[in-house]
Amino acid sequence: MNGKRVEGIGTVAAVLTTSAWIPQAWKVWKALPQPAESVSLLMYFTISIGIALWIFYGCLIKKWPLIMANVISLVFAAAVLVYKLKYG
């Protein structure tokens, strides 16, 4: 498979997995300032650290689709995490 096709697959995967965060973040945003009892603090803390490590890895290998998708994912995950910490 050529490099452009591989990058294309990575970009599509990045768009799909990143956009998967939008429904949860939107649901949490609409519920403000209701308690966030149904949101798992451990899950969002763990996933935020994991995403940050993916960003670091993407920087090391200089792959912009990987970096940008994870930066956007981290914004959504961190928003939910901050909501959970504030309204938990």
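Colleague: What makes α2 and α4 a packed pair here, and what angle do their axes cross at?
Modeller: Bear in mind that this is a predicted model. In it, the axes of α2 and α4 come within 9 Å and cross at roughly 30°. Angles under 35 degrees count as roughly parallel, so roughly 30° puts α2 and α4 in that class. The crossing of α2 past α4 is left-handed.

Colleague: Which residues make that contact?
Modeller: On the α2 side they are Ile-22, Ala-25, Val-28 and Ala-31, and on the α4 side Phe-76, Val-80 and Tyr-83.

Colleague: How do you know what classes of residue the contact of α2 with α4 has?
Modeller: Ala, Val, Ile, Phe and Tyr are all on the list that counts as nonpolar. The contact therefore splits into seven nonpolar, no polar and no charged residues.

Colleague: Ile-22 is in that contact. Why is Ile-22 called partly exposed?
Modeller: Ile-22 has 41% relative accessibility. Buried would need under 20% and exposed over 50%, so 41% falls in between and Ile-22 counts as partly exposed. Ile-22 sits in helix α2, which covers residues 22–31. As for distance, the C-alpha atoms of Ile-22 and Trp-54 are 19 Å apart, with the two positions 32 residues apart along the chain.

Colleague: On to α3 and α4. Why are they called roughly antiparallel?
Modeller: Helix α3 (residues 41–61) and helix α4 (residues 64–87) have axes that cross at roughly 160° and come within 9 Å. Anything over 145 degrees counts as roughly antiparallel, so α3 and α4 get that label. The crossing of α3 past α4 is left-handed.

Colleague: What makes up the contact between α3 and α4?
Modeller: Contributors from α3 include Tyr-44, Phe-45, Ile-51, Trp-54 and Ile-61, while those from α4 include Leu-66, Asn-70, Leu-74, Val-80 and Lys-84. By class, the contact of α3 with α4 comes to 19 nonpolar, four polar and one charged residues.

Colleague: Why is Lys-84 called buried or exposed?
Modeller: Lys-84 is buried, because its relative accessible area is 13% and the cut-off for buried is under 20%. Lys-84 lies in helix α4. Neighbours within four places in sequence aside, Lys-84 is in contact with Ala-36, Glu-37, Val-39 and Leu-41.

Colleague: Ala-36 is on that list. How do you know whether Ala-36 is buried or exposed?
Modeller: The relative accessible area of Ala-36 is 2%, and buried means under 20%, so Ala-36 counts as buried. Ala-36 is found in the loop between α2 and α3. Not counting residues up to four places away in sequence, Ala-36 touches Tyr-83, Lys-84, Tyr-87 and Gly-88. From Ser-19, 17 residues away along the chain, the C-alpha separation is 21 Å.

Colleague: What makes Lys-62 stand apart in its phi value?
Modeller: Phi of Lys-62 is near 55°, a positive value in a residue other than glycine. Most residues other than glycine have a negative phi. Lys-62 lies in the loop between α3 and α4. With a relative accessible area of 64%, set against the cut-off of over 50%, Lys-62 is therefore exposed.

Colleague: And Leu-53, why is that called buried or exposed?
Modeller: Leu-53 has 52% relative accessibility, and exposed means over 50%, so Leu-53 counts as exposed. The residue is in helix α3.

Colleague: How do you know how α1 runs relative to α4?
Modeller: Helix α1 (residues 3–19) and α4 pack at an angle of about 0°, with their axes 9 Å apart. That angle is under 35 degrees, so α1 is roughly parallel to α4. Glu-7, Thr-11, Ala-14 and Thr-18 from α1 meet Pro-65, Ala-69, Ile-72, Ser-73 and Phe-76 from α4. These residues divide into five nonpolar, three polar and one charged.

Colleague: What does the chain as a whole come to in helices and strands?
Modeller: The count is four helices and zero strands, in the order α-α-α-α from the N terminus on. The C-alpha atoms fill a box of roughly 50 × 20 × 15 Å along the principal axes. Of the 88 residues, 24% are buried. The chain exposes about 6,300 Å², with carbon and sulfur atoms supplying 74% of it.

Note on methods:
Residues are numbered from 1 along each chain as its sequence is written. This is a predicted model: local features need pLDDT of at least 70, side-chain atom pairs count only at pLDDT 80 or more; totals for chains, interfaces and linings use all residues. Side-chain values use heavy atoms; hydrogens and water are left out. Axes are lines fitted to C-alpha atoms, for helices over the stretch in contact, and angles run from 0 to 180 degrees between N-to-C directions. Helices (H or I, at least four residues) and strands (E, at least two) are DSSP runs, numbered from the N terminus. Angles under 35 degrees count as roughly parallel, over 145 as roughly antiparallel, 65 to 115 as roughly perpendicular and the rest as oblique. A crossing is left-handed if the near helix is turned anticlockwise from the far one by less than a right angle, and right-handed if clockwise. Contact means heavy atoms within 4.5 Å. Buried means under 20% relative accessible area, exposed over 50%, partly exposed in between (1.4 Å probe, protein chains only). Accessible areas come from the Shrake-Rupley method with a 1.4 Å probe; for residues, only the protein chains shown count as cover.
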